[in-house]
Amino acid sequence: MPSSPDLSLDRMSKGKIPGKESGIEVRKTICSICNPLSHCGIDSYVRHGVVIKVEGTKENPHNEGTICSKGAASRQYIYHPDRIRTALIKKGDRDSGQFEPISWEEALDIIANRLLGIKVETGPESVAFYAGYPKWMRPFLKRLAHSFGSPNYCSESSTCSAGALMASKLNYGVAGRPEIEKSRCLLVWSTNPFYSNTSPARKLLEVVERGVRIIEVGPLITPLTAHAHIHLRIRPGTSGALALGMAHVIIEEGLFDKDFVRDWTVGFEEYRVYVREFPSHVTEQITGVSAALIKEAARLYATTKPAGMLNGPNATVHHTNGIQNHRALTALIGLTGNFDTEGGNYVNPPSYLYVPNGVVTRQHQFEQSRPWEEMPPRIGQDLYPAWCQLIPEAQAIHLPSQIRTRSPYPVRAILAFGMNHRMWPGSDSMREGLKMLDFLVDVDLFMTDTARLADLVLPACSSFERSELKFYPEQYAIWTSPVIEPLGDSRPDIDIILDLAARLAPDDLLLQKGYEDCMDWILGPAHLKVADLKRYPGGYELKDIRMPPYRKYEKSGFSTPSGKMEFTSLILKQAGLDPLPRYQEPRLSPRSAPDLAREFPLILTTGARLPMYVHSRTFRVPWLRSLHPDPTVDINPVDAEERGISPGDWVALSTSRASIRVRANLTEIVPPGTINIYHGYPGADVNQLIEPDYVDPISGYPGFKSLLCEVRKTT
Ligand code: SF4
């Protein structure tokens, strides 16, 4: 007879087995370390009010029990000794880094007095409201900005996925995402879901096993490359040329969807004439991809129906030619008749916080509490009118310039949540800009380098310490409850916003009603109530919600000015810009800047993720930092040998603007001639190497992923 298991209290405790005897309870929450398209369900094992273990929630259909290394290190994140536990006020000057504690009431009163004073002196537009990470409070912050009277709500979307959305809107009025499970061919363009935005990764592996054809585009080798039938390894910044070259093959060989093009597009003839400039041998010269592979990929994508296109949120738009690049590649979706079709790129508008799941909400009406016409122009509106027409935010990349020039009006204060000045190209320039403000507040979990510049720093709490609504694309929702008490005096971001709203926007009666009433209002069209969701602490299946049908344009047209897909964009034409998705070389490339390329012959591409980091958020987490302690630059062995660089050597990575010291990682992941580096490392901030005005002229997006550099061995 096997002996019965020893369930002594000691063993149950050591084994972290939940139950009355061990005093361990499993409480459900979400991880919000990365972005809202993930936010994996988390089982928190809590004893005596402390999280002692985390696991992925098995019944959560989104992550099905899985979590990544960042989520697995949650305890080191939420209990990190660097967590800010009290409100802090600056002692000394902006750069002193010295603070002293202050009560919440005092802090909120000071903020209200300063911001209202600036509003009286130079107008509400002189105050910007900025949202970095996390993203859960964004609708509330934007509403507060507008109710205060400022058009200047802005966010890290000024360099994130909004650029790709803008490009899709120029073509289609909306964006579609691939239905990976239903496609027979997937064109995966410059994205690596194994390291970032991980939810498609498991689906991709499943469809690979079913024999779905994968075409991968991008300069780097990724975990998907081994499964791809074709890898088009382009030179960074040449996506647009590749897409036009593929379009040339598809059109010349008659493989496009003639009915869709005839009935539902404008500008096709101009586009057809233009793509004749991109026969495969010319496209090969520009992109570095062989003409034969370009033809093979174009034929495979155009003839394998249905075909979906999965693109990264920003890899194709982080170039000085980014918007036209992304327009060119998404034009292939309509050209091949895969727009808003089953298994193609399906249009399912976001329900709440970027997640589409069929639920109709009033998020947009909630956050836009004042029409644009009643407010002054936004930051960047004069430079990027098409951006401001399509993306309902200010263009934050222009902030340092406007702070400095005070033109067309001064920006004197920023109320920031999770701001990271390293997001900006020429990050030192943004840092100097912040120092010129009359008043800066930052709300964060940690005393970051940006928070250190603030006049007031307010302590936010993590997703484990707050309540929030989380939607998942699998028609699943959860209203979380705090699994532990907030650390110290930290508070949920939205509570902070609502307390400020009482002082800054007392006429906004909806905000005065509080968080849950606001959420009930947002969820009104779906007849969902917070009180009902609370009855399902493990999550709630949205069984009765119907997804929008396919080919919605057949009933309502496209939400473009012409009502059709626009190969030639009327919005761009009216803005005095090129209406065609015209290819231009990145402003700094070996072809466009040959003189500079003699001194800086390598192409620098930045911002691809490492699995353990998300921007600068997790560098301080010991388990994660131990996986990749030093800042490294990926360099092909061919380039390393030419420069006498060995694995692990310290090297100086330089552009014409600046230089940083990093370790060399010799790897075939990058092609010869290209250098790849992760961004945001403390002490090795690659964005310092990029000029503040190295941006796409249509969107203002920085050219993070294609410029010129050199690498030299150093000590
Ligand atoms: S950081 Fe990892 S565990 Fe957390 S939400 Fe993102 S993918 Fe999930």
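1. Two strands pair if DSSP finds at least two bridges between them. Helices (H or I, at least four residues) and strands (E, at least two) are DSSP runs, numbered from the N terminus. With those terms in hand, here is a pair to find: β24 and β27 are joined by 4 bridges and pair in the antiparallel sense. In this pairing, A652 stands opposite R712 in β27.

2. A word on what you are looking at. This is a predicted model, in which local features need pLDDT of at least 70 and side-chain atom pairs count only at pLDDT 80 or more, while totals for chains, interfaces and linings use all residues. Residues are numbered from 1 along each chain as its sequence is written, and side-chain values use heavy atoms, with hydrogens and water left out.

3. Now the whole protein. It has 26 helices and 27 strands. Its radius of gyration, taken over C-alpha atoms, is 25 Å, close to the 27 Å that the globule rule gives for 715 residues, so the protein is as compact as a globular protein of that length. The globule rule is 2.2 Å times the number of residues to the power 0.38. Along the principal axes, the C-alpha atoms fill a box of roughly 80 × 70 × 65 Å.

4. How much of the protein is buried? Of its 715 residues, 61% count as buried. Buried means under 20% relative accessible area, exposed means over 50%, and partly exposed lies in between (1.4 Å probe, protein chains only). The protein exposes about 26,900 Å², and carbon and sulfur atoms supply 52% of that area; accessible areas come from the Shrake-Rupley method with a 1.4 Å probe, and for residues only the protein chains shown count as cover.

5. Contacts tell you about the fold too. Contact means heavy atoms within 4.5 Å. Among contacts between residues at least 6 apart in sequence, 73% join residues at least 24 apart.

6. Start your tour at the N-terminal end with S22, which is found in the loop between α1 (9-14) and β1 (24-30). Is S22 buried or exposed? At 6% relative accessibility, S22 counts as buried. Not counting residues up to four places away in sequence, S22 touches L9, M12, S13, I17 and R47. A polar atom of the S22 side chain also lies 2.5 Å from the backbone oxygen of I17.

7. Follow the chain from that loop into an open sheet of 3 strands, which has the order β1-β2-β3 with antiparallel pairing. Strands β1 and β3 (50-56) stand at the edges with a single partner strand each, so one side of each is left without a neighbour in the sheet. The twist averages 30° from one strand to the next, where axes are lines fitted to C-alpha atoms (for helices over the stretch in contact) and angles run from 0 to 180 degrees between N-to-C directions. Between β1 and β2 (residues 41-47) there are 7 bridges, in the antiparallel sense, and K28 stands opposite D43 in β2.

8. Next, please look at helix α6 (residues 162-172). Why can this helix be called largely enclosed by the rest of the structure? Because 9 of its 11 residues are buried. Among them are A162, M166, L170 and Y172. The cover over the buried residues of α6 includes α13 (322-335), α15 (385-390), β21 (565-566) and α23 (570-574). Just after α6, G173 takes a positive phi of about 85°.

9. One residue of α13 shows how that covering works in detail. T330 is found in helix α13, and at 2% relative accessibility T330 counts as buried. Leaving aside neighbours within four places in sequence, T330 is in contact with S168, N171, Y172, M309 and N311. Notice that S168, N171 and Y172 are listed among the buried residues of α6.

10. Finally, return to the strands we began with. β24 (residues 650-654) and β25 form a hairpin with 4 residues between them, and they pair in the antiparallel sense over 5 bridges. Which residue of β25 stands opposite W650? It is R663. R663 is also the bridge partner of T632, since β25 (residues 659-666) runs parallel to β23 (residues 632-635), with 4 bridges joining them.

11. That leaves β27 (residues 707-713), which is mostly covered, with 5 of its 7 residues buried. Besides β24, β27 pairs with β22 (residues 602-606) in the antiparallel sense over 3 bridges. There, L604 stands opposite L707 in β27.

Definitions and conventions
A polar contact is a pair of N or O atoms within 3.5 Å; within protein, one must be able to donate a hydrogen and the other to accept it, and residues adjacent in sequence count only if both atoms are side-chain atoms.
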